[in-house]
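Visitor: I would like a close look at a single part of this protein, the open sheet and what packs around it. Could you walk me through it slowly?

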Amino acid sequence: MRLVDRHPEVDLERLLQSFVPPPRYQSATFATYRPDPRYPSQTLAKERLRRWIKDRPRGFLRPRLPGPQGIYLDGGFGVGKTHLLVAAYWEAPGPKAFLTFEELTYTLGLMGLREGARRFATLRYLFLDEFELDDPGNAQMITHFLALTMDRGLRVATTSNTPPGALGEGRFNAEQFKHQVQSLARRFAVERIEGEDFRHRDPDRFPEPLSDCRLLALYREDPRRKTLDAFLELLAHLRALHPIRYRYLLDGVEAVYLKGLEAIPDQNDALRFVHFVDQVYNLGVDLRASGVPLKEVFPETYRHGAFAKKYGRALSRLAELLG
């Protein structure tokens, strides 16, 4: 079975029903979060987020406890931001939704901004993972969406690798949208989470990919529902699909085998592969690969440019998946 032979379709109702935490985080609770004692901000963020969930109306005509309407978990990759966001989701009363920033922008594109704002404003809580402003269109749409929904009482918790006041920097002329970005930032209390990547402590050491022969031998022996694709063919297939479809590309798949990892010469393809890795990781799908060492997949110019944090997260997750 090959991923390149799959062409998943996504309709609006299916998408709306999927707004829950991904399989990897089903057991992520405040009780299972293990803050690193060397970084007190992890414990502090956990306590403040939990208190934010409890800060809600106590009943009809009873006032809300004082506190921010939005909370923004800012920190590097691998410090537990998504774990805390999912923990808050489990503890919050409904109606509620959990989705990624990519899923939100796609959903609003399908529904239209006004209809999307109307539907989301009926929720009590929105949990939004991996918030980022990659282009001017998203900047305008999302700031307007949050204004429409939060003004109607929607409470929003989000994670990001970028402080809210710096959203969009290096991606587009953020100075043109300074007012919108600042307006958005004022809606959130920012919790900065310090720490090291829990997935691997040495950023210069990565597991070596398998040889082609070893990869094929493991594939033949694997009894699970699995796929085998040539890396460059997969990149071409991802190019033809909207990233929202990547998760559905993996429906029913337990293990993905990729033959022939190599440096990705086009940054757009590299960012598509980053999103694909996120889906493999979040869905709890196993990954095996042959080819070049991991640190050669994303050229160094990418890893030190505007999307450096995205590539860092992808390499961290690849290291865990292939390790």
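Guide: Happy to; we will start with the chain as a whole, move to the open sheet, and then visit its surroundings.

Please keep in mind that this is a predicted model. The protein chain has 13 helices and eight strands, and 51% of its 323 residues count as buried. Among contacts between residues at least 6 apart in sequence, 86% join residues at least 24 apart.

Now to the sheet itself. Five strands make up this open sheet, in the order β2-β3-β4-β1-β5, and their pairing is parallel. β2 (96–100) and β5 (188–193) each have a single partner strand, so they stand at the edges, and one side of each is left without a neighbour in the sheet. On average, neighbouring strands here are turned by 15 degrees against each other, if direction is ignored.

Let us zoom in on the β2 edge. Five bridges join β2 to β3 (residues 125–129), in the parallel sense. If you want a place to put your finger, find Leu99, which stands opposite Leu128 in β3.

Next come the helices that lie on the strands. Helix α2 (residues 40–54) packs on the sheet and touches β1 (70–75), β3, β4 (155–160) and β5; the direction of α2 makes about 150 degrees with that of β5. Helix α4 (residues 101–111) lies across β2 and β3, and runs at about 105 degrees to β2.

Strand β3 is also a good place to look for aromatic side chains. The chain has 16 aromatic pairs in total. One of them joins Tyr125 and Phe127: the ring centres are 5.9 Å apart and the planes lie at 15 degrees, under the 30-degree limit, so this pair is stacked. Both residues are covered: Tyr125 is buried at 1% relative accessibility, and Phe127 is buried at 0%. Together with Trp52, Tyr89, Trp90 and Phe98, Tyr125 and Phe127 form one aromatic cluster.

From here we can step over to Arg245, in the loop between α9 (231–239) and α10 (246–249). The contacts of Arg245, leaving aside neighbours within four places in sequence, are with Pro8, Glu9, Val10 and Tyr106. The relative accessible area of Arg245 is 17%, and since the cut-off for buried is under 20%, Arg245 counts as buried. A polar atom of the Arg245 side chain lies 2.8 Å from the backbone oxygen of Pro8. The side chain of Arg245 also makes a polar contact with the side chain of Glu9, at 3.3 Å.

To finish, here are three other strands and a helix beside them. β6 and β7 run parallel and are joined by five bridges, with Leu228 and Tyr257 in β7 as bridge partners. β7 pairs in turn with β8, again in the parallel sense over five bridges, and Tyr257 has Arg288 in β8 as its bridge partner. Five of the seven residues of β7 are buried, so β7 is largely enclosed by the rest of the structure. Helix α8 (residues 212–221) has Leu215, Ala217 and Tyr219 among its buried residues, and the buried residues of α8 pack against β6 (226–230), β7 (255–261) and β8 (286–291).

Note on methods:
Residues are numbered from 1 along each chain as its sequence is written. This is a predicted model: local features need pLDDT of at least 70, side-chain atom pairs count only at pLDDT 80 or more; totals for chains, interfaces and linings use all residues. Side-chain values use heavy atoms; hydrogens and water are left out. Helices (H or I, at least four residues) and strands (E, at least two) are DSSP runs, numbered from the N terminus. Buried means under 20% relative accessible area, exposed over 50%, partly exposed in between (1.4 Å probe, protein chains only). Contact means heavy atoms within 4.5 Å. Two strands pair if DSSP finds at least two bridges between them. Axes are lines fitted to C-alpha atoms, for helices over the stretch in contact, and angles run from 0 to 180 degrees between N-to-C directions. A polar contact is a pair of N or O atoms within 3.5 Å; within protein, one must be able to donate a hydrogen and the other to accept it, and residues adjacent in sequence count only if both atoms are side-chain atoms. Rings of Phe, Tyr and Trp (its six-membered ring) pair if their centres lie within 6.5 Å; planes under 30 degrees apart count as stacked, over 60 as edge-to-face and the rest as tilted.
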